[in-house]
Amino acid sequence: MRVDELRQSAGAKKKPKRVGRGIGGKGGKTAGRGTKGQYARNTVARGFEGGQMPLKQRVPKLKGFNNPFRVEYYAVNLDSIDSLNLPEVDPASLVKSGVAHKGTLIKVLGRGKITKAVKVSAHAVSKSAEQAITKAGGSVTILPLPHKGPRPAARGNQFTNR
C-alpha cells in the first residue's frame, strides 16, 4: 500500500441529508423545522433568550469579583499590645480593653516594639511580630479559625415559609 492509495473505508463518510428540495422526498416542504414560528424562519440569533436579557449582558465584565472564601482579620500591632500591660493577651482581653471589636478574627502585626514577656493568643501572627514576641521572652499561640459549616437544608417549599 502506498500513500496515494490511502482512502476512507466504505461508509465511513456519509453525505449530509439535503432538506428543503420539494415536497416529493423526505425532508421536503418544512425541512424538519415544523410549521411557522420564529424557529422555522432561520432568524434566531445565537444566545437569544426570548427577549430576556441575555446571559452575556447580565454578567459583569472587567470588574473583578468578591471572593466568598476571603478571611478578614482585625489588625492589632505590637505597640498597642505593649501599652495594655497585660501578662496574657487574647481576643477577649483585646475586646475588653477596646483595642478590637467583638466577633472579629485577630491578626498581630509587627509595628512598634514590645518590652516585656507577653503570652499572645491570636488567629494569625506575622513573622516579624512572632519574632519580636519570642525575643522579648513571650510566647505565641495560634487560635483555630471558626468553621462555617454547610448551609442548613431549606424547610418547606416555595409556597410555604415553614
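Is Asp82 buried or exposed? Select Asp82 to find out. This is a predicted model. Asp82 has a relative accessible area of 14%. The cut-off for buried is under 20%, so Asp82 is buried.

**Stop one: around Asp82**

Select residues 78-84. This is helix H2, and Asp82 lies in it. Now show the side chains of Asp82 and Lys116. They make a polar contact at 3.1 Å. Widen the selection to Lys113, Ile114, Thr115 and Lys116. Asp82 touches each of these, leaving aside residues up to four places away in sequence.

**Stop two: the nonpolar core**

Stay with H2 and select Ile81. Add Leu94 and Val108. These are the residues with the most contacts inside the largest nonpolar core, which has 16 residues. Which elements give two or more residues to this core? They are H2, strand S3 (105-109), strand S4 (119-122) and helix H4 (127-135). Color each of them in turn. H2 gives the most, with 3 residues.

Next, center on Leu94. Its contacts include Val76, Leu84 and Val89. Leu94 also touches Val99, Ala100 and Ile106. Residues up to four places away in sequence are again not counted.

**Stop three: out to the surface**

Jump to Leu6. Its place is in the segment before helix H1 (55-58). Is Leu6 buried or exposed? Its relative accessibility is 56%. Exposed means over 50%, so Leu6 counts as exposed.

Add Met1 and Val3 to the selection. With Leu6, they form a nonpolar patch on the surface. Together the three have about 420 Å² of accessible area. Turn on a surface view to end the tour here.

Notes:
Residues numbered from 1 in each chain as written. Predicted model: local features only at pLDDT ≥ 70, side-chain atom pairs only at ≥ 80, totals over all residues. Heavy atoms only, no water. Helix = DSSP H or I, 4+ residues; strand = E, 2+ residues; numbered from the N terminus. Buried < 20%, exposed > 50% of the residue type's maximum accessible area, 1.4 Å probe, protein only. Polar contact = N/O pair within 3.5 Å; in protein donor to acceptor, adjacent residues only side chain to side chain. Contact = heavy atoms within 4.5 Å. Core = buried A, V, L, I, M, F, W, Y, C linked by side-chain atoms within 4.5 Å. Patch = residues over 30% accessible without salt bridge, like charges linked within 9 Å, V, L, I, M, F, W, Y side chains within 5 Å. Areas by Shrake-Rupley, 256 points an atom, 1.4 Å probe, with all protein chains shown as cover. Salt bridge = Lys/Arg side-chain N within 4 Å of Asp/Glu carboxyl O.
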